[in-house]
Amino acid sequence: MKKLLMVLMMAFLVMALAACGDDKKDDGKTEGAEDKNNTEQAEGADDAEGSEGTEEASGDILEDEYYNNLVNILKDAGYDLGNVEVGDNDFFVDTKSSMKVALNGEDMLPLQVYEIDPDSESLKAAQETGLAPAEFEGQKFDQEGVLVIDNHYFFLSEGHPDQADVYKLLEEKLK
């Protein structure tokens, strides 16, 4: 289990470093080019397609009433939320949809929420055992530390400082 968590943490680290690498490409621009881009954006030019894609993804996922309610519960409880994004539907078995959101600036340890097919045998097993069947890089295993409420899995890494409080809040508000 520790090896899996280390692999996941390394994957997050690699993604973070890759994201930082994109910032350095922008640092190489000349001031004139930056001023031109700022002027075009101020005039309403539509050059920021990448950021719009994120906004659209956030908007689409928040159109789901359950996810929107969850975000409101977290906001009302005083949590500082990062971007709400579509999650990885291939991690847990029988996932229909998923989302992830960073809580209180912990970008490397986001809250991940998975909607599972309500008729799934793996969901029934997770409700009984507390272990959610998952698959990562071709290896199947039962993930510990997953909160199961109705047909949703909630996963917040043990390393997150607010894990216990978030799980308690979700159990109170969603059960």
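**Helix 5, the strand 4–strand 5 hairpin and Gln 163**

In the predicted model, Ser 122, Leu 123 and Ala 126 are buried in helix 5, which spans residues 121–129. When the helix is viewed down its axis, these buried residues fall within an arc of 100°, and they therefore line one face of helix 5. An α-helix has 3.6 residues a turn, so residues three or four places apart point the same way. Glu 121 and Glu 128, on the other side of helix 5, are exposed.

The packing partners of the buried residues of helix 5 are four strands: strand 3 (111–116), strand 4 (132–136), strand 6 (146–149) and strand 7 (152–155). Helix 5 is followed by Gly 130, which has a positive phi, near 80°.

Strand 4, one of the strands against which helix 5 packs, runs antiparallel to strand 5 (residues 139–143), and five bridges join the two. Within this pairing, Ala 132 stands opposite Gln 143 of strand 5. Strand 4 and strand 5 form a hairpin, with two residues between the strands. Glu 137 lies in the turn of this hairpin and has a positive phi of about 50°.

Further along the chain, Gln 163 belongs to helix 6, which covers residues 163–174. The relative accessible area of Gln 163 is 15%, and this residue is therefore classed as buried, the cut-off being under 20%. With neighbours within four places in sequence left aside, Gln 163 is in contact with Gly 145, Leu 156, Ser 157 and Glu 158.

Note on methods
Residues are numbered from 1 along each chain as its sequence is written. This is a predicted model: local features need pLDDT of at least 70, side-chain atom pairs count only at pLDDT 80 or more; totals for chains, interfaces and linings use all residues. Side-chain values use heavy atoms; hydrogens and water are left out. Buried means under 20% relative accessible area, exposed over 50%, partly exposed in between (1.4 Å probe, protein chains only). Contact means heavy atoms within 4.5 Å. The arc is that of the directions from the helix axis to the C-beta atoms. Two strands pair if DSSP finds at least two bridges between them.
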